[in-house]
Amino acid sequence: MGVLINKKRCDNASVCPCIENCPTKAFYYDTKKNTVAVHNELCINCRKCMLICEAGAVKVFRNEEELLKLKTEYDEDAMTTEKLFQDRYGACLVDETFGLDLSNLDKLIIDSNKVLLIEFYNEDEASCLINSIPIKEIVEHIPKEVSYRKIEVKDVEIIKKYGVDSLPSLIIIEGQKNHPRRSNFNLFKRRIVHENRRSFSRKCRLIFENCSIFISTVF
Ligand code: SF4
Ligand code: SF4
């Protein structure tokens, strides 16, 4: 028994929660190869690492048969390094069309008749790199009546008026145009999470559940 790491999905971070939480120190950082690794002879198959790794890069096996199955699964995994870096280090824009300059946000709110899903990020901040919001996943699953935009912000102080005090953050705002009534954003959040309960990753679900709501008033 032991653990097999999917190298197509693991970003080999030296500060890896699997290392921190492994009760037997089987999970470790190989400083010669600069990769995470496992001493399978120390592994007790507690599955902690598998549950902690948000990238789904870690799976346990109990016997040779399961090990072979895992190897085949990893071989057939369509993930590539390029995709990995887009998904995991996706603070930066994957697609220019999603970008928005902060100076245009208030105008967008006033002129839009859509629900706006706005992600604030700072490409230079480690927290945005580590906790980047899975843009591709979000865009694939949000309803058509929702407009998604990413805004780079260097100083979180200037977006406090949107109720944001940390980066990255995802907020929901209702566009003001043609919207005499207030949407029920909590229902909206629950609907997105519910409709995508099978396809959302844990990270994406948590982001939606925790994203804040900014009720826009006249600017
Ligand atoms: S958390 Fe998962 S993806 Fe990140 S370094 Fe650890 S094993 Fe690899
Ligand atoms: S399954 Fe448990 S013991 Fe084995 S590497 Fe993972 S955390 Fe460590």
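I count Ala, Val, Leu, Ile, Met, Phe, Trp, Tyr, Cys and Pro as nonpolar, Asp, Glu, Lys and Arg as charged, and the others, Gly among them, as polar. The model I am reading is predicted.

**Entry 1: the two ligands**

I sorted the shell around ligand 2 by class and got 11 nonpolar, 2 polar and 2 charged residues. I then asked which of the 15 residues around ligand 2 come nearest. They are Cys22, Cys43, Cys46, Lys48 and Cys49.

Ligand 1 got the same treatment. I found 13 residues around ligand 1, and Cys10, Cys16, Cys53, Ala55 and Ala57 come nearest. By class, the shell around ligand 1 holds 11 nonpolar residues, 1 polar and 1 charged.

**Entry 2: the whole chain**

I looked up the overall make-up next. The protein has 9 helices and 8 strands. It runs to 219 residues, and buried residues make up 22% of them. I took the contacts with a separation of 6 or more and looked at how far they reach. Residues 24 or more positions apart account for 72% of those contacts.

**Entry 3: strand 1**

I went to strand 1, residues 2–5. In a regular strand the side chains alternate between the two faces of the sheet. I checked which side chains of strand 1 are buried. Val3 and Ile5 point to one face and are buried. Gly2 and Leu4 point to the other face and are not buried.

Then I looked for a partner. Strand 1 runs antiparallel to strand 4 (residues 58–61), and 4 bridges join the two. Leu4 has Lys59 as its bridge partner in strand 4.

**Entry 4: the four-stranded sheet**

I traced an open sheet of 4 strands. Its order is 6-5-7-8, and the pairing is mixed. Why do strand 6 (146–152) and strand 8 (212–214) each have one side without a neighbour in the sheet? They stand at the edges, and each has a single partner strand, so one side of each is left open in this way. Neighbouring strands of this sheet are turned by 30° against each other on average, direction ignored.

I followed one pair in detail. Strand 5 (residues 115–121) pairs with strand 7 (residues 169–174) in the antiparallel sense, over 6 bridges. I noted Ile171 in strand 7 as the bridge partner of Ile118.

**Entry 5: the nonpolar cores**

I searched for the largest nonpolar core and found 24 residues in it. Leu116, Ile118 and Phe120 have the most contacts inside this core. Which elements each supply at least two of its residues? They are helix 5 (105–111), strand 5, strand 7, helix 8 (185–195) and helix 9 (202–210). Strand 5 gives the most, with 5 residues.

I noted another core apart from this one, of 14 residues. Val3, Cys18, Ala26 and Cys53 are among its members. I had met Val3 as a buried residue of strand 1, and Cys53 among the residues that come nearest to ligand 1.

I returned to Leu116 and left aside its neighbours within four places in sequence. Leu116 is in contact with Leu108, Ile109, Ser147, Arg149, Ile173 and Gly175.

**Entry 6: Ile138**

I closed with Ile138, which lies in helix 7 (residues 135–141). Is Ile138 buried or exposed? I count Ile138 as buried because it has 21 C-beta neighbours inside 10 Å, and the cut-off is 20 or more.

Beyond its neighbours within four places in sequence, Ile138 is in contact with Ile133, Tyr148 and Cys204. Ile138 and Cys204 are 66 residues apart along the chain, and their C-alpha atoms are separated by 7.3 Å.

Technical notes: Residues are numbered from 1 along each chain as its sequence is written. Chains are lettered from A and ligands numbered from 1 in the order in which they are written. This is a predicted model: local features need pLDDT of at least 70, side-chain atom pairs count only at pLDDT 80 or more; totals for chains, interfaces and linings use all residues. A residue is near a molecule or strand if its C-beta atom, placed from the backbone, lies within 6 Å of it. Two strands pair if DSSP finds at least two bridges between them. Axes are lines fitted to C-alpha atoms, for helices over the stretch in contact, and angles run from 0 to 180 degrees between N-to-C directions. A nonpolar core is a set of buried Ala, Val, Leu, Ile, Met, Phe, Trp, Tyr and Cys residues joined through C-beta atoms within 7 Å. A residue is buried if 20 or more other C-beta atoms lie within 10 Å of its own, exposed if 12 or fewer, and partly exposed in between; C-beta atoms are placed from the backbone. Two residues are in contact if their C-beta atoms, placed from the backbone, lie within 7 Å.
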